[in-house]
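Please look at the sequence and the structure below before reading on. The report that follows goes through one chain, then the contact between two chains, and then the charged pairs.

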Amino acid sequence: MRRAPALIAAAALAGVAAAATADEISRNFAGSIQLDYLAVPTEEIAREQALDGATAEVSLKLAVDFSPNLSANVKVCYACHGFEVGMAFFDARIADQLNFRIGRFTPAFGEFPLRHDPANHRTSDKPLPYDMGRMLRLREWNMSVLPAPWVDNGLEISGTQFLGGLTQLDYAVYAIMGPKGAPDALDFDFILSRSPAAYYVDNNSRPTLGARLAGTLGIGTASTVSLGVSGMTGTYDPENQLGFVLLGADFVMRLDPVFLRAEYLVRRTEMSLGDDPASRFRYGPGEDGEFDDFFVKEGWYAELEVPIGRVDLVGRWDGLRRRGNVARQSPLRSDSILFRSTAAFAYRLHGALRLKLSAEIYDFSDFDDELALHLGIAGPF
Amino acid sequence: MRTDAVLLAIALAACTPPPMREASRLAADPGAPPEIHAACRLASQRCTRCHPIDRVLLARVENPQHWEYYVARMRRQPRSGITEEDARVIVRCLVARSFGLAALEGLP
């Protein structure tokens, strides 16, 4: 089973490469590697609450430019899930204001997914709203709000209106398969989205729709302030009974080499109450005698990145909050919160190769506080 | 487990070569005209909006047209900040760095 995605990915790469034989067609091969070691010194055995130890993240990307207005991209990733196809799409530009992206891609949502590649950001892991399996207590929290990169099949229409200098307005609208869950789900089942057992196809015959609007204001010749809002909505169960709404806002201030970033994500997710909610949930009905059929999950981060010579310093404060009823066996409460503070630096060893070191303090409302340490090496090629 | 982390740190430190080149900016050849130096400053500023400049330094291109297509693809990325005129200027920096000043004559 594991070999199938790898073979498909290899065939896709070979197919695109073979197509790019004409002289006027340009090909670019690129990639990145990150090896990160996560240690939790406050726990003797941390595996019960985290995927600690060494993790390798590898990406191999082939970009083929058929013309200045038409390109194809295929990216294969290898990490905790084995081989995955992170990109396989065509980009067609009609005008600055009208681009079509068709295939398998990360839809436009928020700011961080643009730089999710480990070689493109300076910490070993991702901000909590976008965490994909490296946070502590990932199972209890069912990971983040929107694990990044969220890769999905579909169509995206996007464009940019340049308004002079560095000022511009960007938009994107898209239709994708969307997240998946079981008919009696209480939340997304992220494994279903990457499991060949459930096929890499939509589970409910209806697309998930999303949009993004972002504005960038130029300040001088090298500084910018950007504001963006994103939204995504759809159903995630096979019967189209359980809906979700995901909203996000992001802010980026760039003062030449210094970046200040902040994002906020909130997801309202409907839950199946089942035939006997009293036995299914930990908490009883509300004052009206009814069980709430949804929960709300929020995530946020604020991050300052300052390059000083060969070193990039990063300070980050992020968190998650979940409000709503929980499954009877869940250790979370009806209002659980997590704060995390991170200090990190990335040191340029040689060329593009960086040593990454970070310390994270987890402040859980429902569990003991923890310290996590990351030591990694990352670089593009 | 902690021993593994310490060993990894030691191994990484041992691999660090003594002389290291600063590569946070695209630098034009010292003998290049001011126009190319300015173009490379613009390229450094625009390209690092989404990724480290390393990505550009490591790109393998075969001819000047390849750079035109490459920059056009980057220009399509959301919030790239690369206008059509910016793209033309950035390509001049990249072509001059990769193929020399003489190759600029072939550009549109």
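## Chain B and its helices

Read from the N terminus on, the elements of chain B follow the order α-α-α-α-α, so that its secondary structure comes to five helices and zero strands, where helices (H or I, at least four residues) and strands (E, at least two) are DSSP runs numbered from the N terminus. This is a predicted model, in which local features need pLDDT of at least 70 and side-chain atom pairs count only at pLDDT 80 or more, while totals for chains, interfaces and linings use all residues. Residues are numbered from 1 along each chain as its sequence is written, chains are lettered from A and ligands numbered from 1 in the order in which they are written, and side-chain values use heavy atoms, with hydrogens and water left out.

Of the 108 residues of chain B, 48% count as buried, where buried means under 20% relative accessible area, exposed over 50%, and partly exposed in between (1.4 Å probe, protein chains only). Contact here means heavy atoms within 4.5 Å, and among the contacts in chain B between residues at least 6 apart in sequence, 58% join residues at least 24 apart.

Helix α5 of chain B (residues 84-99) has 16 residues and should span 22 Å at 1.5 Å a residue, which agrees with its end C-alpha atoms being 22 Å apart; the expected span is 1.5 Å times one less than the number of residues. Several residues of α5(B) are buried, among them B:Ile90, B:Val91, B:Leu94 and B:Val95, and what covers the buried residues of this helix includes α2 (34-47), α3 (54-58) and α4 (64-75) of chain B. Just after α5(B), B:Gly100 takes a positive phi of about 90°.

## Three strands of chain A

Strand β14 (residues 335-350) and strand β15 (residues 353-364) of chain A run antiparallel and are joined by twelve bridges; two strands pair if DSSP finds at least two bridges between them. In this pairing A:Tyr347 stands opposite A:Leu355 of β15(A). The two strands form a hairpin with two residues between them, and A:Gly351 in the turn has a positive phi of about 55°.

β15(A) also pairs in the antiparallel sense with strand β16 (residues 370-380) of chain A, over nine bridges, with A:His374 in β16(A) as the bridge partner of A:Ser358. A hairpin of five residues joins β15(A) to β16(A).

## Where the chains meet

The size of an interface is often given as the accessible area lost when the parts come together. Chain A and chain B bury about 4600 Å² between them, 49% of it on carbon and sulfur atoms, where buried area is the accessible area (1.4 Å probe) that two parts lose on being put together, summed over both. The contact takes 66 residues from chain A and 43 residues from chain B. Across this interface the rule finds five salt bridges, a salt bridge being a side-chain nitrogen of Lys or Arg within 4 Å of a carboxyl oxygen of Asp or Glu. Strand β1 (residues 26-39) of chain A gives the largest share of the side of chain A that touches chain B, seven residues.

## Charged pairs

Side chains of opposite charge can pair when their charged atoms come close. By this rule the count over all chains comes to 32 salt bridges, including those in the table.

| Acidic residue | Basic residue | Closest N and O atoms |
|---|---|---|
| A:Asp96 | B:Arg75 | 2.6 Å |
| B:Asp54 | A:Arg348 | 3.1 Å |
| A:Asp117 | B:Arg55 | 3.3 Å |
| A:Glu360 | A:Arg340 | 3.5 Å |

Both A:Asp96 and B:Arg75 are buried. A:Arg348 also counts as buried, at 4% relative accessibility, and B:Asp54 is buried with a relative accessible area of 2%. Salt bridges that share partners join residues into one network, which includes A:Asp125, A:Arg316, A:Arg340 and A:Glu360. Within that network, A:Glu360 is buried, and so is A:Arg340.
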